[in-house]
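Open the model in your viewer and keep the selection panel at hand. The tour goes through the enclosed spaces and then moves to the ligand.

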Amino acid sequence: MKLFDKFSGTLEIAEILTRPANHLLPIGISTDCLNSPVEGEMHGQKILLAGTNNYLGLTFHPQIKAAAQQALDTFGTGSTGSRMASGTYRIHTELEAALAKFFGKTQTILFTTGYQANLGMISTLIGPDDVLLLDADSHASIYDGARMSSGEVYRFRHNDPTDLAKRLRRLGSRAENALIVLEGIYSMLGDQVKLEEFVAVKKEYGGSILLDEAHSLGLIGPQGKGVAAEAGLLDEIDFIVGTFSKSLGCIGGYCTSHFPELELVRNNIRAYMFTASSAPSVVATAKAALKVLAEGDDLRTRLWQHARKLYGALQDLGFSLGPEPSPVVAVIMDSRERAAEAWQLLMSQGVYVNLVVPPASPNTSSLLRCSLSAAHSDENIDSIIDAYRTVAQKMGASSN
Ligand code: PMP
């Protein structure tokens, strides 16, 4: 059918990624069952999961599962309504209050996914007279929010406060109406935002900051509160956005702020108004997981030990990596074809990582993206390193 002609490029990518014939298609591969947060079965093979964003490994935590089960018994399987209509349950407002308290803010809006949190907040906050300033490596949900907004959109160079300052300077007094969107830890290369410098730029030229802590919540900062808390800059961040789909181990999103006006924004966000609210069991999961996440630093310490060990070992093997050690360890490959071949080789050794190819990756690079978990054992990390060693031996590590 003619309507499908424009998708022929997608077919071409799928063919490249599965060459030679009968190889697994990395995109959308399905897990048949899980034996732990980091061990599953795919296509009848036992696989060590090293690409899940289950950073703290909380998906099977007994207290969290019990909270979800209790909510299921109390409220049933789904809310069957938007937050604006019948879909607000006590548990939704309790989680909003818990998140506001956690970040030392006053207002929180829950979203059904983190994608909708960025989409909804950015598209709604930015009106025709406003300006949006985006990091070039921003997540798709941020770009999509920008597309749906009615303001002017400018990109600054990735994690480059000087480039942002240049753009704000050109805006003159309009900088006051600018929203600067940053991410705590960037999802693809695992590098951390230069928050202190960005805040200094905002103070000099004006504007507001929206910080997406999707990959930093639970990983960094006191009680896992993220990079803003780690830098002592929570008060300088106007909007914190995040997701429950990573260290909190379920699904959902939020935006929290100290502006009481956030309540006015709430009832204008189409991605909030015209979709069902999260299922009560999911909300209960996020609430219980937030408590566990804040309780101690053991899981975080363990996660960073794994991250440093893997980063160092892959560096020693000669791989080209993201700029700094982080629970996201990205190996940069020089072509989609080589990245796909390496991915197949890792899978044949029972190790799953994310294969990221353009346009999903920053700059046109192709990545083997590992995201580690506190649930990984030391032996698991050794197995991941061994699998990459085989890749280096068979294919060469250099991407140049
Ligand atoms: N922001 C960033 C930086 C992300 O990486 C993601 C998910 N990959 C999201 C937002 C969207 O989160 P969710 O999975 O909850 O839709």
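**Enclosed spaces**

Start with the whole structure: a search of it turns up two cavities of 30 Å³ or more. Keep in mind that this is a predicted model.

**Stop 1: the largest cavity**

Select R83, H92, L110, F111, T112, A271, Y272, T275, S277 and S278. These residues line the largest cavity. The space inside is about 60 Å³.

Now color by secondary structure. Which elements each supply at least two residues of this lining? They are β4 (107-111) and α10 (270-273).

Next, color the lining by residue class. You should count five polar residues, four nonpolar ones and one charged one.

**Stop 2: the second largest cavity**

Clear the selection. Pick D137, E183, Y186, S187, M188, L189, D191 and P362, which line the second largest cavity. Its volume is about 40 Å³.

Color by class again. What does the lining of this second largest cavity hold? There are four nonpolar residues, three charged and one polar.

**Stop 3: the ligand and its pocket**

Select the ligand and show the surface of the protein. The ligand takes up the space of the largest pocket.

Expand the selection to the residues around the ligand. There are 15 of them, and G114, Y115, D212, H215 and T243 come nearest.

Look for the element with the largest share of this shell. That is helix α4 (residues 114-125), with three residues.

Apply the class colors once more. The shell around the ligand has 10 polar residues, three charged and two nonpolar.

**Stop 4: polar side chains at the ligand**

Show side chains as sticks and turn on distances.

- Begin with T243: an N or O atom in the side chain of T243 is 2.5 Å from an oxygen atom of the ligand.
- Go to D212: a polar atom in the side chain of D212 lies 2.6 Å from a nitrogen atom of the ligand.
- Finish with K246: an N or O atom in the side chain of K246 is 3.0 Å from a nitrogen atom of the ligand.

How much of the ligand's accessible area does the protein cover? On its own the ligand has 390 Å² of accessible area, and the protein covers 83% of that.

**Last view**

Show the ligand with D212 and T243, two residues among those that come nearest. Then add the linings of both cavities, R83 and H92 being among the residues at the largest cavity, and D137 and E183 among those at the second largest.

Notes
Residues numbered from 1 in each chain as written. Predicted model: local features only at pLDDT ≥ 70, side-chain atom pairs only at ≥ 80, totals over all residues. Heavy atoms only, no water. 1 Å grid on protein atoms, 1.4 Å probe; cavity = no way out; pocket = protein on both sides within 12 Å on 5 of 7 lines; lining within 4 Å. Points joined across faces, edges and corners; volume = space filled by probe spheres on them. Helix = DSSP H or I, 4+ residues; strand = E, 2+ residues; numbered from the N terminus. Nonpolar A, V, L, I, M, F, W, Y, C, P; charged D, E, K, R; others polar. Near = heavy atom within 4 Å. Polar contact = N/O pair within 3.5 Å; in protein donor to acceptor, adjacent residues only side chain to side chain. Areas by Shrake-Rupley, 256 points an atom, 1.4 Å probe, with all protein chains shown as cover. Sits in = over half its atoms within 2 Å of the grid points.
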